[in-house]
Structures are given as C-alpha cells and as structure tokens.
Amino acid sequence: MYCGEDLFTTLNPQLTFDNQSVNHLGAQIYERLLDIDPNSHHPLPALARSWDVSPDGLAYTFYLREGVAFHQSPDFSPSRYLNANDVVFTFNRILDLNHPYHRISGGRYPWFESLGFERIVSEVIAESSHAVTFILYRTDNAFLSMLATAPAVILSEEYGEYLLREQKQEFLDTRPIGTGPFRFREFQEHSHVRLTRHWDYWQGASIMEQVVFDLSTKGVGRLAKLLTGECDIIDSPPDSQISIIHDDPRLELRRQSGLNLAYLAINNRSQVLQDPLLRKAIMTAIDKQKLVDTVYHGGGHTTDSVLPPASWAYDARQARVGYNPVIAKAYLKNSGYNGQTPIRLAFLSNEASFNPRAHKSAELIQADLEAVGLEIELIRINANDNFVLESGFSYDLLLTGWRATNGDPDSFLRPILSCDAISVGSNSAQWCNLQFDNLLELALKTNQEKQRMRYYRLAQEVIDVETPVIPLLHSHHYQAHHRSIGGLQLSPFGTRSFATVYRSE
C-alpha cells in the first residue's frame with residue numbers, strides 16, 4: 001500500500017499542475033511517448049520506440065510500438081491496440097477548443113498552458129497506424145522533454161468514443177483507461193484508489209497483483225501507518241520524521257537531491273515593493289541556513305539560483321550577497337520605505353517536500369525581516385490541489401515552491417517566471433519580462449547545448465537584476481518503505497512505475 005496525500009479531484013495528470021499524488025498514480029495507469037533517464041535527464045523511448053526530427057526542427061515523427069494493449073474494465077473492452085489515432089486524440093483534446101473533450105473536467109490544462117503549448121504545436125497528424133507527427137510553429141529543443149513529463153499521458157480514443165456515445169464523458173478522467181502496468185478498479189473519495197495488475201502489459205505483467213493508494217491520512221498519520229505496517233511506502237516524509245524512520249531497522253530510507261526550489265515570490269504588482277533597494281533589503285535580511293536547519297532539519301541546501309546544481313544550465317558563479325542584516329538595514333535606510341505600510345507575506349496552506357511547515361518558515365522569515373525594521377503581516381492562503389493560487393488573493397510576498405517535471409532548464413524557468421505562466425497562476429511573482437522570455441525562446445531554437453546554456457545563464461542574469469523571486473533552498477527528496485518491498489525506483493520527477501516492485505517474505 002502506498003500512502004499519499006488526499007489531493008485527488010482527478011485521476012488524469014493532464015488536468016493537474018505539479019500534483020505529486022496524481023503524478024504517482026498516473027505513472028501506474030498511463031504511459032507517455034517518452035520517458036526520462038533519471039541520471040542524464042535525456043529522453044528515452046517508451047510508447048514511441050524511436051523518433052525523427054526534420055532538418056528545420058519543425059516536425060517530430062514518433063514511431064509507436066506495436067501490440068501495446070489498453071486496459072479493460074467492466075464496462076469497456078478495447079477492440080484494438082494502441083495506434084497513432086490515440087496520440088492525435090490525446091493532444092487534440094488539449095489544443096482544439098472544439099474537441100468534444102476539451103471542456104470536460106473544467107477545460108484547463110495548466111501545465112501545458114504554462115508552457116504556451118498551443119503556440120508551440122500547430123498540428124498532430126497520424127501518418128500511418130503507428131507513426132504520428134507533431135508539427136511545430138517554431139523550433140523547440142525542449143519539446144522531447146515536454147512529451148516525457150507526467151502530464152503528457154496517452155489516452156484511448158476508442159474509450160473516448162465509447163463514453164461519448166454513453167454520455168459519460170467525465171469518466172475519461174475519473175475511471176481512466178491507459179496502457180500502464182496497473183488498471184483502475186475503484187476510487188473512494190478521501191479513502192483510497194485501488195489498481196489491479198494489467199495482465200496484457202506490453203513489458204510483461206507486473207509482479208504485484210494490486211496497488212492501493214491510501215488517501216485517508218497525512219503527516220504524522222502516514223508515518224504511524226508505515227510504522228504499524230499498514231503502509232508499505234510513503235513519499236516525501238517531513239524532515240522532522242527522518243530520524244524516526246532512519247532508526248527503525250524494519251524500514252529503508254532513500255534520499256535524492258531534489259530537482260525543486262523553495263522561494264519567495266515578489267509580487268510585481270505590489271506598489272510597496274517596486275523599490276529595488278527594498279527588494280535587496282529583503283533578500284539580504286533572510287537567514288536561509290536557519291530555514292534549512294530549523295524547518296528542513298538539514299534536509300536541503302541554501303541557494304541563490306532558481307536552477308538546482310543538478311541542472312546542466314546551473315551557474316555556480318551566480319551568487320548574491322548572502323545573509324547580512326547590517327547591509328539589509330543600509331538598503332532599507334536608503335529605500336523609499338516609510339515603515340508605516342505593512343508588507344503582506346503570504347504562505348500556502350498546502351505542504352510539500354519543498355515547502356514543509358510553511359507557517360513555520362513564514363514566521364522565521366517574518367522575524368528576520370522585522371529585525372531589520374520591516375513591518376510584516378502574515379497571511380495564510382488556500383491553494384488548490386496543484387499549488388496554483390485561487391482567485392481573490394492579495395499579497396506582497398509569497399512563500400512557495402516548485403518541482404521540476406523534467407531535466408530541461410526550461411521546465412524550471414518558464415512555468416514560474418514566463419509571461420504565459422501568469423494567467424495559469426504558477427507565476428506567483430506576476431512578473432512579465434520580454435527580454436527574459438526572448439532568451440528562453442532563443443534557448444529553444446538552438447540544439448547546441450553550450451549555446452542553450454549561454455542563453456539560460458543570460459536569463460538568470462535578468463532574474464538577478466530584476467529580482468522577481470528570492471531563491472531560498474533546494475530540499476532533498478526522501479522515500480521510506482518497508483525492507484520487505486523491493487524493486488522500487490526513485491525518480492527525481494516523481495513519475496516512476498511500480499511494475500518492478502515485489503514483496504519478499
């Protein structure tokens with residue numbers, strides 16, 4: 001049994017934005033055209049056995065595996081294997097406003113919207129039964145990585161047509177049919193999702209007969225179930241629980257450097273924070289190491305960079321003036337801040353590995369900022385299941401975070417800082433800088449990694465000058481499980497399959 005968080009409003013990762021629980025579930029039910037190598041971060045074949053890219057970089061043709069079976073359910077039995085029409089159906093649902101499923105389940109595809117996907121892909125064409133081509137509006141050298149991320153799952157066109165005839169379109173996302181190692185059996189809200197073995201899985205039937213996602217507990221409750229044996233696996237336990245897990249001989253703890261970021265977004269629409277000296281005062285007043293030690297219990301490292309050190313575009317030279325309250329006071333003294341207007345520091349109600357005990361982190365930051373002469377008001381904001389803010393909120397600073405969906409630098413920079421990401425809600429700084437966006441576009445137009453790295457580093461220099469966000473730290477990713485469970489694969493992107501998992505006696 002896998003004990004996760006009760007964050008399920010859909011079982012389809014297409015409809016979520018960085019929802020780790022849905023991504024984990026989706027990795028069991030669905031598959032993508034491509035996977036990602038967890039070490040090199042390069043795309044790997046999955047449902048697509050190979051692919052070609054046209055010389056101008058505007059056409060990507062994928063050659064699908066043959067004999068890939070979709071799941072059966074009590075109400076639906078597929079009459080054919082996976083083919084190119086399923087890929088066309090999947091992505092046309094996102095791109096085509098007139099597609100019969102586009103507006104089902106809310107009609108929003110937040111991860112794709114944050115990338116401006118509709119301005120990247122012009123058309124998806126079935127060339128033959130097992131060849132499908134994506135025509136792009138412009139060259140995009142992060143495109144393969146996009147198709148290897150958790151939301152880019154492939155759906156069944158035949159199942160969609162069946163549900164349309166039955167007028168049960170919402171079942172496409174709540175009673176899913178995929179090609180993954182486990183098939184959907186039942187979903188009880190606030191209780192569990194039960195999956196059973198897909199006997200016709202193209203890579204061979206899984207070892208485990210079933211997988212159950214327990215949704216009934218969180219926090220200490222998940223740890224209690226792990227200790228009593230009710231849960232076999234928990235992901236991203238709070239750092240305060242790490243020593244308990246480590247000291248239990250029945251349990252195994254794995255750690256991986258997280259491709260994530262905890263940061264403070266500076267609302268670009270806030271009048272009080274327009275002063276660049278005030279922003280520098282805030283930046284130098286925060287004791288990041290205290291956050292690592294107190295909230296994360298040492299499970300992370302401080303940073304001045306949006307990109308983590310594991311990224312190939314990380315710039316080790318990118319370092320600002322560190323924690324220095326004396327310098328912070330000097331910046332504040334020379335700024336236009338009058339000390340009479342409180343600065344609203346908001347934090348999200350949701351917890352994540354990159355943002356555990358957000359209230360405690362906010363209190364520590366509040367104390368640091370008030371120590372140099374700022375007046376800080378804390379605000380708790382409810383976020384939806386995807387860590388995207390609901391409408392009607394108001395803040396000057398927002399404590400939040402981000403997890404990478406693939407290893408390309410674009411998956412960090414674009415979703416949280418591009419102009420497109422403002423309307424989706426993932427750009428919490430509400431910062432739109434055309435120079436920054438243009439550098440991201442230039443980076444996508446070249447297939448030379450050194451040139452791409454140069455553009456990404458220039459983009460990071462724009463971040464340094466404008467200070468739309470204050471990077472705080474990169475946290476470690478932990479997974480705990482009983483030693484009787486073997487075959488687990490830890491992924492920095494949270495999209496691993498349980499197909500190889502087994503239980504020893």
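This is a guided tour of one predicted model, stop by stop, with a suggestion of what to select at each.

**Before you start**

Residue numbers run from 1 along each chain as its sequence is written, and side-chain values use heavy atoms, with hydrogens and water left out. Because the model is predicted, local features need pLDDT of at least 70 and side-chain atom pairs count only at pLDDT 80 or more, while totals for chains, interfaces and linings use all residues.

Colour the chain by pLDDT, the predictor's confidence in each residue, from 0 to 100. The protein chain averages 89, and 93% of the residues score at least 70. Now select residues 385-392, where pLDDT stays under 50. The model has 29 contacts beyond four places in sequence for this stretch, a contact being heavy atoms within 4.5 Å. Where pLDDT is low, the predicted coordinates should not be read in detail.

**Stop 1: a four-stranded sheet**

Helices (H or I, at least four residues) and strands (E, at least two) are DSSP runs, numbered from the N terminus. Two strands pair if DSSP finds at least two bridges between them.

Select strands 4, 5, 7 and 6, in that order: they form an open sheet of four strands with antiparallel pairing. Strand 4 (48-53) and strand 6 (121-128) are the edges, each pairing on one side only. On average, neighbouring strands here are turned by 20° against each other, direction ignored.

Next, zoom in on strand 5 (residues 59-64) and strand 7 (residues 131-136), which run antiparallel and are joined by five bridges. Which residue of strand 7 is the bridge partner of Tyr60? Phe134 is that partner.

Add helix 2 (residues 84-95), which lies across strand 5, strand 6 and strand 7 and runs at about 165° to strand 6. For angles such as this one, axes are lines fitted to C-alpha atoms, for helices over the stretch in contact, and angles run from 0 to 180 degrees between N-to-C directions.

**Stop 2: helix 5 and what covers it**

Keep helix 2 on screen and select helix 5 (residues 157-166). Helix 2 and helix 5 pack at an angle of about 60°, with their axes 8 Å apart. That makes helix 2 oblique to helix 5, since angles under 35 degrees count as roughly parallel, over 145 as roughly antiparallel, 65 to 115 as roughly perpendicular and the rest as oblique. Show side chains at the meeting point: Asn85, Asp86 and Phe89 of helix 2 meet Glu157, Glu158 and Gly160 of helix 5.

Buried means under 20% relative accessible area, exposed over 50% and partly exposed in between (1.4 Å probe, protein chains only). In helix 5, Glu157, Glu158, Tyr159, Gly160, Tyr162 and Leu163 are buried. Their cover includes helix 2 and helix 6 (171-174).

Look at both ends of helix 5 too. At its start, a side-chain oxygen of Ser156 reaches to within 3.4 Å of the backbone nitrogen of Glu158. Just after the helix, Gln167 takes a positive phi of about 55°.

**Stop 3: a loop residue**

Select Glu230, in the loop between helix 7 (220-228) and strand 11 (233-235). Is Glu230 buried or partly exposed? At 48% relative accessibility, Glu230 counts as partly exposed. Leaving aside residues up to four places away in sequence, Glu230 touches Met1 and Lys225. The side chains of Glu230 and Thr228 are joined by a polar contact of 3.1 Å; such a contact is a pair of N or O atoms within 3.5 Å, where within protein one must be able to donate a hydrogen and the other to accept it, and residues adjacent in sequence count only if both atoms are side-chain atoms.

**Stop 4: strand 13 and strand 18**

Select strand 13 (residues 260-266). Seven of its seven residues are buried, so strand 13 is largely enclosed by the rest of the structure. In a regular strand the side chains alternate between the two faces of the sheet. Asn260, Ala262, Leu264 and Ile266 are buried on one side of strand 13, and Leu261, Tyr263 and Ala265 on the other.

Add strand 17 (residues 397-403), which pairs with strand 13 in the antiparallel sense over seven bridges; there, Leu397 is the bridge partner of Ile266.

Finish on strand 18 (residues 469-482), joined to strand 13 by four bridges and running antiparallel to it. Leu264 has Ile470 as its bridge partner. Strand 18 is mostly covered, with 14 of its 14 residues buried. Step through its other antiparallel pairings:

- Strand 11 pairs with strand 18 over three bridges; Asp235 stands opposite Gln479.
- Strand 12 (residues 251-257) pairs with strand 18 over seven bridges; Gln256 stands opposite His477.
- Strand 14 (residues 300-302) is joined to strand 18 by three bridges; Gly300 stands opposite Ser475.
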